[in-house]
Each structure stands twice: as C-alpha cells, then as structure tokens.
Amino acid sequence: MEKIELCCLPTPCHRLDRMSSELGCELWIKRDDLTGLVLGGNKGRKLEFLMAEALAMGATCVVTCGSSQSNFVRQLGAACAMLNLHAVAAVMDLPYAVVHGEPPFRPQHSGGNVVLNQMLGVEVHRFADDDWEVLAHHAEDLAQRLEESGERVYRIPIGGSSPVGAYGFVRAAGELTESFDCIVTASSSGSTQAGLMYALHGTPTKVIGIASDPEPEIVDDIFLILSGLEEAHGRKGILPSDIDLRLEWAGPAYGIPSEQGDAAIMRMARTEGILLDPIYSGKAFAGVLSLAESGELAGKKVLFWHTGGTPAFFAYPPTITWD
Ligand SMILES: *Cc1c(COP(=O)(O)O)cnc(C)c1O
C-alpha cells in the first residue's frame with residue numbers, strides 16, 4: 001500500500017501507574033492524541049493512505065462530510081494544504097440517525113474545529129441537521145458539481161472510514177511492542193476498530209469498541225470495512241459476532257457530551273495529567289472505568305487507545321464541577 005507520511009509515528013505507548021492501581025488492572029495508553037498532524041488524533045493514520053490514493057488518481061480536489069466539529073475535516077484540511085489539494089466538506093452541526101430520534105438538545109457550535117477548519121482553508125458547506133445519509137448525499141452533490149467545473153475529485157466517506165483509511169490502523173497495530181489482553185478504543189465511523197480488529201484477529205488480544213453514538217448500526221459499518229480489508233489484504237474469516245461494540249457509554253446522542261464521559265475526563269486529567277475529549281475518548285474512557293468497576297478488566301493488561309479530539313474542549317468544556 002502506498003503511503004504519504006503525514007504523522008509522527010510510532011506514537012508513544014506507556015503505562016498509567018496511578019490509574020492502574022486505582023482500577024486493579026494494568027492500564028496502558030496509546031497516544032494517538034500525539035500523531036502530530038495539526039493537533040493530533042486518529043484520522044492522521046487513515047489520511048496517510050487515503051491521500052496516497054488521491055494523489056495516485058491525480059485528484060485536484062478531495063470531498064468529504066462530517067459534523068461541523070469534525071476532527072477528520074481538520075486533519076484532512078492540513079493534509080490537503082501540504083499537498084496543495086482543494087479540500088471541500090459538507091457539514092451539519094449535529095448529524096444523527098433519524099430512526100433513533102432527534103438529539104435531545106444542541107450544544108453551541110463554534111470554536112474548536114470550526115475555527116481550525118476555516119484557518120486551514122477547507123471549503124465548508126453547512127447544511128441543516130438531518131440524517132447521516134442526507135449528509136452523504138450533500139457531499140455527493142458537491143463532488144458532482146466540482147467535477148462538472150473540471151476538478152478531479154477524490155471522495156472520502158465520513159471519518160475516512162473506507163478500507164483504505166482503515167489500513168492505517170492495520171499498520172498501527174504493528175507499532176505495539178507489548179502484548180495486551182484487550183484494547184479499548186472509541187468507535188464511531190468504525191475504521192479505527194475495524195483496522196485494529198483485522199490486524200489482531202487470531203491473536204489473544206481482544207478489541208473492544210466503545211460507541212460514541214447510541215446507534216447500533218455502527219456494527220454493520222465495521223463489518224463492511226472488515227469485508228473490504230479482507231478483500232484487499234486476505235481473508236481472515238472475521239464474523240459479525242466477532243465485533244465487540246459497547247453502546248452503554250454513548251450518552252444522549254452523537255456529538256453531545258455525557259455526564260459519565262465528562263467525569264472520566266476529569267478523572268484522567270487529575271490522575272494522569274492527560275486530556276481526553278468529550279465526544280469520543282472521554283466516553284470511551286468512561287467505558288474503561290465502568291468495565292474495571294464491574295470486574296471485567298480485573299488483573300488484565302489493558303491498552304486504552306487514545307484517539308485524540310483535543311480541540312473539542314474549546315467548543316464544549318466539561319460542565320461537571322469537581323473539587
Ligand atoms: C473520529 C474519531 C473517533 C472515532 O474513530 P472511527 O474510526 O471514526 O470509529 C474517535 N476519537 C476521535 C477523537 C475521533 O476524531
């Protein structure tokens with residue numbers, strides 16, 4: 001697979017001593033908050049392979065979609081700036097799965113990635129909140145209009161979650177020099193979990209995804225990406241039932257912080273001095289805390305995969321007060 005170097009890899013991986021003794025397991029952290037591409041995060045790994053494919057097809061323009069606060073759009077913006085490509089994104093403040101109902105409330109959308117995406121020169125087209133499918137259609141309309149105007153367009157699905165993007169996480173698993181009983185990661189568009197699962201299938205290491213959205217169809221998205229990886233890189237016979245996705249810590253909706261997530265952020269900040277984000281990694285770490293409390297992680301060697309998201313702080317500071 002062709003790759004363009006965008007990140008500072010490998011990211012650090014280290015033990016969390018204080019948290020380990022509090023939780024009764026051996027807890028390590030993989031620092032993908034430190035991938036180095038424009039404030040870090042998991043999307044840089046996917047972009048190393050996606051952008052290589054874009055250049056190989058002679059693209060002049062890259063079109064994607066996401067929320068207004070998308071970490072993917074930010075990192076795509078930086079990659080496109082470096083490679084002199086036109087970055088275009090269809091966004092909604094709060095896309096959601098209509099079948100699961102409207103989000104209970106809408107936090108204010110300003111600051112954070114909204115500012116950074118603009119700074120990086122992304123051409124952002126903002127649409128009224130609606131279903132994820134509708135958002136993808138808006139992106140496709142933009143792509144077609146750009147093609148009509150003579151641009152050569154590379155399309156990237158939400159979160160960079162194509163099998164090509166997921167391959168970044170197949171490679172990421174190769175950075176591990178320790179072996180773990182399980183890896184816990186945030187999961188939303190699915191390619192982080194799918195890539196790690198593909199790489200580690202058949203080893204003793206289990207991958208647990210903590211959903212950032214209370215939308216069970218994430219499992220179908222993960223399976224589709226896994227199927228694409230198997231097609232491109234060899235069959236492993238991974239079944240839908242192999243996907244361990246936990247929905248309990250997703251909070252009220254995608255893009256809305258949860259009380260448990262905010263409490264987990266505060267605890268990590270005050271125990272280890274590490275910042276998690278309110279939309280993904282904070283909710284995922286709330287999962288780690290609960291799983292440790294329930295005994296599921298007792299005595300195990302656990303790797304928490306920090307997926308980044310730091311700029312979201314400046315859009316949604318934790319509301320919880322802790323003294
Ligand atoms: C996108 C994102 C995730 C989710 O990763 P997927 O590969 O989309 O499942 C987790 N954490 C952060 C900070 C993200 O930006």
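Contact is taken here to mean heavy atoms within 4.5 Å. The structure is a predicted model, in which local features need pLDDT of at least 70 and side-chain atom pairs count only at pLDDT 80 or more, while totals for chains, interfaces and linings use all residues. Residues are numbered from 1 along each chain as its sequence is written, and side-chain values use heavy atoms, with hydrogens and water left out.

A good place to begin is Ser-281, which lies in helix H10 (residues 281-293); helices (H or I, at least four residues) and strands (E, at least two) are DSSP runs, numbered from the N terminus. With 0% relative accessibility, Ser-281 counts as buried, a word that stands for under 20% relative accessible area, with exposed meaning over 50% and partly exposed in between (1.4 Å probe, protein chains only). Leaving aside residues up to four places away in sequence, Ser-281 touches Ala-186, Leu-276, Phe-304, His-306, Thr-307 and Gly-308. The side chain of Ser-281 also makes a polar contact with the side chain of Asp-277, at 2.6 Å. Such a contact is a pair of N or O atoms within 3.5 Å; within protein, one must be able to donate a hydrogen and the other to accept it, and residues adjacent in sequence count only if both atoms are side-chain atoms. At 3.4 Å, the Ser-281 side chain reaches the backbone oxygen of Gly-308.

Thr-307, one of the residues touched by Ser-281, leads on to the ligand. There are 16 residues around the ligand, and Lys-43, Lys-46, Ser-189, Thr-192 and Thr-307 come nearest; a residue is near if one of its heavy atoms lies within 4 Å of the molecule or strand in question. A nitrogen atom of the ligand lies 2.6 Å from a polar side-chain atom of Thr-307. For Lys-46, an N or O atom of the side chain is 2.6 Å from an oxygen atom of the ligand, and for Asn-42 the corresponding distance to a ligand oxygen atom is 3.0 Å. On its own the ligand has 380 Å² of accessible area, of which the protein covers 98%; accessible areas come from the Shrake-Rupley method with a 1.4 Å probe, and for residues only the protein chains shown count as cover.

Next comes the interior. A nonpolar core is a set of buried Ala, Val, Leu, Ile, Met, Phe, Trp, Tyr and Cys residues joined through side-chain atoms within 4.5 Å. The largest one has 53 residues, and Met-51 and Val-62 are those with the most contacts inside it. At least two residues of this core come from each of helix H2 (43-56), helix H3 (71-83), strand E4 (86-92), H6, H7, E8, H8 and strand E10 (301-306). The most is given by H6, with 7 residues. Val-62 touches Met-51, Leu-76, Val-88 and Ile-156, among others. Another core, of 48 residues, lies apart from it and includes Ala-143, Tyr-280, Phe-304 and Ala-315.

Two helices can be described in more detail. Helix H8 (residues 218-233) has 16 residues and reaches 22 Å from its first C-alpha to its last, close to the 22 Å expected at 1.5 Å a residue; the expected span is 1.5 Å times one less than the number of residues. Its buried residues are Ile-218, Ile-222, Ile-225, Leu-226, Gly-228, Leu-229 and Glu-230. An α-helix has 3.6 residues a turn, so residues three or four places apart point the same way. The cover over the buried residues of H8 includes helix H6 (163-173), strand E7 (182-187), helix H7 (191-200), strand E8 (206-211) and strand E9 (244-246). Gly-234 follows H8 and has a positive phi, near 115 degrees.

Helix H9 (residues 259-272) has 14 residues, and its end C-alpha atoms are 20 Å apart, which agrees with the 20 Å expected at 1.5 Å a residue. The buried residues of H9 include Gly-261, Ile-265 and Met-268, and they pack against helix H1 (17-23), strand E2 (26-31), H10 and E10. Just after H9, Gly-273 takes a positive phi of about 70 degrees.

A few backbone details complete the picture. Leu-39, in the loop between E2 and H2, has a positive phi of about 80 degrees although it is not a glycine, and counts as exposed at 54% relative accessibility. The peptide bond from Leu-9 to Pro-10 is cis, with omega near -5 degrees.
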